[in-house]
Amino acid sequence: MPTPEVEREKEKELIARAQGGDRAAFAALVRAHQNEVYTLARRLVGDPHLAADVAQETLIRAWRALPRFRGESALSTWLHRITVNTAWTHKKRAKRHRDVSIDEVADLADLPGANTPEVAGEMIELRGRLRVALDELPDSQRQVVILKDVYGWSHSEIASAMDISVTAAKVRLHRARARLVRSLEESA
Amino acid sequence: MSVTCELAAPFVATSAVDGKPVVRAFRSHTESCLKCQARHAAMAKAARELSAMAGESQDAPRDLEWRVMSSLDGDLAVARSIRKPVALVAAGLSMAAALIIWRLRPRPQS
């Protein structure tokens with residue numbers, strides 16, 4: 001199995017080739033990153049079909065912007081930023097779909113750390129409630145929680161990606177967490 | 001539930017997620033309020049779940065790569081479809097310019 005360093009070098013090479021217009025190299029980058037792009041999109045917009053559209057547009061935007069990518073951040077971080085911007089644009093256009101699909105419930109069954117049926121059951125239950133609580137947040141609040149509490153972005157990174165002030169990002173997070181705690185309490 | 005619990009809720013949540021003490025203004029209340037302590041514990045658990053989500057990934061739709069790459073083909077097709085008319089217009093303009101120069105050339109006076 002290749003080490004992370006080898007993987008990074010391989011990715012650097014693929015990026016350089018894709019920047020030169022090599023579409024096969026870009027296809028390899030798409031294959032390597034499409035799941036994480038789709039996962040973030042899904043968390044930000046909720047609806048799986050809309051998330052697929054967001055992921056598609058994100059990767060197309062990435063291809064067009066790739067000549068300007070200078071490698072100052074990891075490719076995945078750069079793709080995350082494009083995903084957030086794209087999701088934001090899509091959300092302005094589309095009405096949010098709030099249903100929780102069977103697939104979504106199904107992927108809860110494979111949780112890391114769920115060693116016993118009791119623990120697994122408790123985690124599934126909490127994770128399910130958490131997802132519903134997240135889904136009930138207004139878009140702007142949910143996106144801040146996802147970026148801060150799931151992906152560990154800083155307030156300034158969130159502010160820059162969402163085109164808001166750092167103070168606005170902090171206020172949204174503050175309100176979102178308060179709402180989350182109340183929703184979890186109500187659903188317990 | 002008291003008004004103070006509601007006012008303290010965002011600070012309790014933030015304290016639980018960030019692993020820091022509740023802000024001083026609400027600390028004496030939260031230290032003695034079972035409701036707020038329960039909220040703190042629930043939110044701390046939720047925060048752990050949230051950060052665990054970062055390591056999980058969902059499978060993208062199987063046709064995503066195809067959709068992306070065929071859109072790029074569309075980009076190239078547009079570029080190609082623009083290239084031909086542009087070349088024709090450029091050729092036409094060159095011919096027109098050559099014709100004008102030829103018509104306006106100084107002629108020897110007889």
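**Contacts, confidence and helices in chain A**

Among contacts in chain A that link residues at least 6 apart in sequence, 60% join residues at least 24 apart. The model is a predicted one, and its chain A is built from helices: there are 9 of them, and 0 strands. Read from the N terminus on, the elements of chain A accordingly run α-α-α-α-α-α-α-α-α. Of the 188 residues in this chain, 34% count as buried.

Confidence comes next. The average pLDDT of chain A is 82, and 81% of the residues score at least 70. Among the elements of the chain, helix α3 (residues 48-65) of chain A has the highest mean pLDDT, 94, while helix α5 (residues 102-106) of chain A has the lowest, 37. Over residues 96-114 of chain A the pLDDT is below 50; in the model, this stretch nevertheless has 26 contacts beyond near neighbours in sequence.

Two helices of chain A deserve a short visit, beginning at the N-terminal end. Helix α1 (residues 4-19) of chain A has 16 residues, which at 1.5 Å a residue should span 22 Å; the C-alpha atoms at its ends are 22 Å apart, so the expected and modelled values agree. This helix, α1(A), is hardly covered, with a count of 1 buried residue among its 16. After α1(A) comes Gly21(A), whose phi is positive, near 100°.

Further along the chain, helix α6 (residues 117-136) of chain A holds Ala133(A). Why does Ala133(A) count as buried? There are 22 other C-beta atoms within 10 Å of Ala133(A), and the cut-off for a buried residue is 20 or more. Leaving aside residues up to four places away in sequence, Ala133(A) touches Leu180(A), Ser183(A), Leu184(A) and Ser187(A). The C-alpha atoms of Ala133(A) and Arg179(A) are separated by 8.3 Å, although these two residues lie 46 residues apart along the chain.

Finally, chain A meets chain B in a contact that takes 34 residues from chain A and 30 residues from chain B. On the chain B side, α1 (3-18), α3 (34-53) and α4 (64-103) each supply at least two residues. The largest share of that side, 11 residues, comes from α3(B). Sorted by class, the side of chain B that touches chain A has 19 nonpolar, 5 polar and 6 charged residues.

Key: Residues numbered from 1 in each chain as written. Chains lettered and ligands numbered in written order. Predicted model: local features only at pLDDT ≥ 70, side-chain atom pairs only at ≥ 80, totals over all residues. pLDDT = per-residue confidence, 0-100. Helix = DSSP H or I, 4+ residues; strand = E, 2+ residues; numbered from the N terminus. Contact = placed C-beta atoms within 7 Å. Buried ≥ 20, exposed ≤ 12 C-beta atoms within 10 Å, placed from the backbone. Nonpolar A, V, L, I, M, F, W, Y, C, P; charged D, E, K, R; others polar. Expected span 1.5 Å × (residues − 1).
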